[in-house]
Structures are given as C-alpha cells and as structure tokens.
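Got the model open and a few minutes to spare? Work through the exercises below, and try each one yourself before reading its solution.

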Amino acid sequence: MTVKVSDVMRHVRNYFVRAAHSGSWTHTAGRLSPGEGFAPGMWIAVTGEDAPRGVFQLDEQGGIPGLGERSWQGVICILEPPADFLRLCGDIGCWAAANPDPAVTAESLGDYRQSRRALTWESAFAPALHPYRRMYPEVEI
C-alpha cells in the first residue's frame, strides 16, 4: 500500500492552509494559470465542483503532475506543511511499504483459522500524528 502526503493530511484533518484563492483556473502546457504566487514544489489543495479535487505538489514547471489541459472554477489553497510533518509522512510511507496490510500472522489447517495483524499505519503512528490532528478539516476535498 502506498501512503501519500495527502492521505496523512486527510487522516489528521489538517492541510496546513496558508492562503486560499478563488477564481477561474486553467492548466495548459503543464502550467497552472494564473500562476502568480505558485512556485515549483509548492503544495496546493484544489476544490470546486468541476475541479480536479485533491492535494498536489507542483512539479518543476509549476503545474499539477499528470493533469492534462483543463479549465475550472474553484478554490486553490496554498499549503505549508512543516518539514517535520513531511519527514513523518516519508517515514509512514516507508513503514507502509514494508508492512503490507493486512498481514497474516498465523494460520491453522484443521477447522481453518487465520489471524491477521491489526496494526495499520494510522495506529502505528498515532502518537506521532497527534500534535497535527484537527477536529475539523480546513479544506473539503
């Protein structure tokens, strides 16, 4: 299982919003426009009825990776996740890759029984994620 930064943000209901910009947006030639205030590597959250909803890290051209030519009306939030949160997301991703869920821990053949490990990345990293947790999300994605 691949755990992305957006998965962890959704889990803790914290997107680290710095600013929100509402308007008409286009994504052409691998660039987001209007592009003022957006830099390569920046994290953004896109919302809107016909928008490509989600959390994205802008690529080296200042565009949304994998998104083709598109126009929409909506809100783009500039996100500023702290470096320690991003490191924690990296640790979670490594742990999840090494611990596929659910893992079978024991099996019996007579009257077949199977035990599975109940530990998920959410429970394994709960204490570390606790300081970032919010009661309500700032962005509805």
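What follows is a set of exercises on this structure, which is a predicted model.

**Exercise 1. Work out how many salt bridges there are, and which side chains form them.**

Step 1: Set the rule. A pair counts when a side-chain nitrogen of Lys or Arg is within 4 Å of a carboxyl oxygen of Asp or Glu.

Step 2: Apply the rule. The count comes to two salt bridges.

Step 3: Take the pair in α1. Aspartate 7 meets arginine 10 with an N to O distance of 3.3 Å. Both residues sit in helix α1, three residues apart, which is about one turn of the helix. As for solvent, arginine 10 is partly exposed, at 44% relative accessibility.

Step 4: Go to the other pair. Glutamate 80 and arginine 18 come together at 3.0 Å, N to O. This pair ties distant parts of the chain: glutamate 80 is in the loop between β5 (70-79) and α2 (83-98), arginine 18 is in strand β1 (residues 17-28), and the two are 62 residues apart.

Step 5: Check how open that pair is. Glutamate 80 has a relative accessible area of 48%, so it is partly exposed. Arginine 18, with 46%, is partly exposed as well.

**Exercise 2. Decide whether cysteine 77 and cysteine 89 are in a disulfide or free of one, and whether they are buried or exposed.**

Step 1: Recall the chemistry. A disulfide is a covalent bond between the sulfur atoms of two cysteines. Here the sulfurs have to be within 2.5 Å of each other to count.

Step 2: Search the whole structure. That search turns up zero disulfides.

Step 3: Look at cysteine 77. The nearest cysteine sulfur belongs to cysteine 89 and is 18 Å away, and cysteine 77 is in no disulfide.

Step 4: Look at cysteine 89. For this residue the nearest cysteine sulfur is that of cysteine 94, 11 Å away, and again there is no disulfide.

Step 5: Compare with the burial cut-off. Buried means under 20% relative accessible area. Cysteine 77 has 7%, so it is buried. Cysteine 89 has 5%, so it counts as buried too.

**Exercise 3. Describe the largest pocket: how much space does it hold, and what lines it?**

Step 1: Get the volume. About 170 Å³ of space lies in this pocket.

Step 2: Find the residues around it. The lining is made up of Lys4, Val5, Ser6, Arg10, Trp43, Arg53, Gly54, Val55, Phe56, Gln57 and Ile141.

Step 3: Map them to elements. Those that give two or more residues to the lining are α1 (5-12) and β4 (54-57). The largest share is from β4, with four residues.

Step 4: Sort the lining by class. There are five nonpolar, three polar and three charged residues. Arg10 in this lining is the arginine from the α1 salt bridge in Exercise 1.

**Exercise 4. Find out which residues touch the most other members of the largest nonpolar core, and which element gives the most to it.**

Step 1: Count the members and look for the hubs. The core has 22 residues, and Val8, Met9, Leu79, Phe85, Ile92 and Leu129 touch the most other members.

Step 2: Assign the contributors. At least two residues each come from α1, β3 (43-47), β5 and α2.

Step 3: Pick the main supplier. α2 gives the most, with five residues.

**Exercise 5. Go through the backbone: where is there a cis peptide bond, and which residues other than glycine have a positive phi?**

Step 1: Check omega. Serine 33 and proline 34 are joined by a cis peptide bond, with omega about 0°. Proline 34 is found in the loop between β2 (31-33) and β3.

Step 2: Check phi. Arginine 13 has a positive value, near 55°. Phenylalanine 16 has one of about 60°.

Step 3: Place these two residues. Arginine 13 lies in the loop between α1 and β1, and phenylalanine 16 lies in the loop between α1 and β1.

Step 4: Add the accessibility. Arginine 13 has 29%, so it counts as partly exposed, whereas phenylalanine 16 is buried at 12%.

Terms used:
Residues are numbered from 1 along each chain as its sequence is written. This is a predicted model: local features need pLDDT of at least 70, side-chain atom pairs count only at pLDDT 80 or more; totals for chains, interfaces and linings use all residues. Side-chain values use heavy atoms; hydrogens and water are left out. On a 1 Å grid over the protein atoms alone, a cavity is a set of points where a 1.4 Å probe fits but cannot get out, and a pocket is an open set with protein on both sides within 12 Å along at least five of seven lines; lining residues have an atom within 4 Å of a point. Grid points are joined across faces, edges and corners, and a volume is the space filled by probe spheres set on the points. Ala, Val, Leu, Ile, Met, Phe, Trp, Tyr, Cys and Pro count as nonpolar, Asp, Glu, Lys and Arg as charged, and the others, Gly among them, as polar. Buried means under 20% relative accessible area, exposed over 50%, partly exposed in between (1.4 Å probe, protein chains only). A nonpolar core is a set of buried Ala, Val, Leu, Ile, Met, Phe, Trp, Tyr and Cys residues joined through side-chain atoms within 4.5 Å.
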